[in-house]
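Hi everyone, thanks for making time today. I'd like to walk you through one structure, so let me put it up on the screen and then we'll go through it piece by piece.

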Amino acid sequence: GGGGGAAAHLPRTFMTVKKVFTLGACKAKCLADSGCVALEHSPALGACELWQALPASTEAVVGYTCLLLASSDELDALLAGEAAARAEEGTGAQPGGDGAASAAPYFRSAPLRASTSEC
C-alpha cells in the first residue's frame with residue numbers, strides 16, 4: 001500500500017484511510033464511498049486504500065489483500081466468462097452460486113478486466 005503494497009500506484013487514484021485494522025472494516029469503507037471500485041488492505045499497518053479507478057497492474061505482496069468491487073451484474077458476467085473459458089479448455093464450470101442476480105455488491109480477488117492481474 002502507498003509505496004510498497006500490492007497495487008501499482010501510478011497515476012495516484014486512491015486515498016489511504018489509517019487505523020483500519022480489519023478487512024471487514026476496509027470493505028465497509030469502500031462500500032460507503034460511492035467512487036470506490038477496489039481496495040487494498042494491510043492489517044499490520046492498519047491501512048485501507050480506497051481506489052477510485054482500477055489499478056493498471058497488481059502483484060501479490062505478503063501482508064496485503066487487494067479486492068475489486070463488482071456489482072452483481074458485473075460479477076455474473078465475469079463468472080459466465082470464466083465458465084465459458086473453462087468449458088473451452090475442457091476444465092468444466094466453476095462451482096458455487098446459482099446464477100441468481102441480486103442487488104448486493106461483491107468483493108472479488110480476480111480481475112474485472114484482462115489488464116489487471118490477480119492480487
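Before we start, one cut-off you'll need: a residue is called buried when its relative accessible area is under 20%. Please also keep in mind that what you see is a predicted model.

Let's try that cut-off on Glu 40, which sits in strand E2. Is Glu 40 buried or exposed? Its relative accessibility is 1%, so Glu 40 counts as buried. While we're here, take Leu 68 as a partner for a distance check: the two residues are 28 apart in sequence, and their C-alpha atoms are 8.9 Å apart in space.

Now let's step back to the sheet. It is an open sheet of 5 strands, ordered E1-E3-E2-E4-E5, with antiparallel pairing. The edges are strand E1, residues 14–17, and strand E5, residues 106–108, each of which pairs on one side only. If you ignore direction, neighbouring strands are turned against each other by 25 degrees on average.

Helix H1, residues 23–32, packs on this sheet. The helix touches E1, E2, strand E3 (47–51), E4 and E5, and its direction makes about 150 degrees with that of E2.

Let me zoom in on strand E2. On one side, E2 (residues 38–42) pairs with strand E4 (residues 65–70), antiparallel, over 4 bridges. E2 is also joined to E3, again antiparallel, by 5 bridges. Leu 39 is a handy landmark here: Leu 39 stands opposite Leu 67 in E4 and opposite Leu 50 in E3.

The hairpin of E2 and E3 has 4 residues between the strands. Which residue in that hairpin takes a positive phi? That would be Gly 46, with a phi near 65 degrees.

So how many residues of E2 are buried? The count is 5 of the 5, so the strand is largely enclosed by the rest of the structure. Both faces are covered: Ala 38, Glu 40 and Ser 42 are buried on one side, and Leu 39 and His 41 are buried on the other.

His 41 deserves a moment of its own. This residue is in strand E2, and its relative accessibility is 2%, so His 41 counts as buried too. What does the side chain of His 41 reach at 2.9 Å? The answer is the backbone oxygen of Val 20. If you set aside neighbours within four places in sequence, the contacts of His 41 include Val 20, Phe 21, Thr 22 and Leu 23. Also among them are Cys 26, Ala 47, Cys 48, Gly 63, Tyr 64 and Thr 65.

Two of those names, Cys 26 and Cys 48, bring me to the disulfides. As a quick reminder, a disulfide is a covalent bond between the sulfur atoms of two cysteines. Searching the whole structure turns up 2 disulfides.

One of them is between Cys 26 and Cys 48, with the sulfur atoms 2.0 Å apart. The torsion about their S-S bond is about 85 degrees, so this disulfide is right-handed. The pair links distant parts of the chain, with Cys 26 in helix H1 and Cys 48 in strand E3, 22 residues apart. Both cysteines of this pair, Cys 26 and Cys 48, are buried.

The other disulfide joins Cys 30 to Cys 36, also listed with an S to S distance of 2.0 Å. Here the value about the S-S bond is -100 degrees, and the link is left-handed. Cys 30 and Cys 36 are both buried. Number the bonded cysteines in sequence order and the pairing reads 1-4, 2-3.

While we're on cysteines, Cys 66 has a relative accessible area of 5%, so Cys 66 is buried.

Last stop: the aromatics. A search of the whole structure finds 1 aromatic pair. Phe 14 and Trp 51 form that pair, and the pair is stacked, with 4.8 Å from centre to centre and 25 degrees between the planes. Phe 14 lies in strand E1 and Trp 51 in strand E3, so the pair ties together parts that are 37 residues apart in sequence. Both Phe 14 and Trp 51 are buried.

That's my tour, and I'm happy to take questions.

Conventions:
Residues numbered from 1 in each chain as written. Predicted model: local features only at pLDDT ≥ 70, side-chain atom pairs only at ≥ 80, totals over all residues. Heavy atoms only, no water. Pairing = 2+ DSSP bridges. Helix = DSSP H or I, 4+ residues; strand = E, 2+ residues; numbered from the N terminus. Axes fitted to C-alpha atoms, helices over the stretch in contact; angles between N-to-C directions. Contact = heavy atoms within 4.5 Å. Buried < 20%, exposed > 50% of the residue type's maximum accessible area, 1.4 Å probe, protein only. Disulfide = S-S within 2.5 Å. Phe/Tyr/Trp six-rings, centres within 6.5 Å; stacked < 30°, edge-to-face > 60°. Polar contact = N/O pair within 3.5 Å; in protein donor to acceptor, adjacent residues only side chain to side chain.
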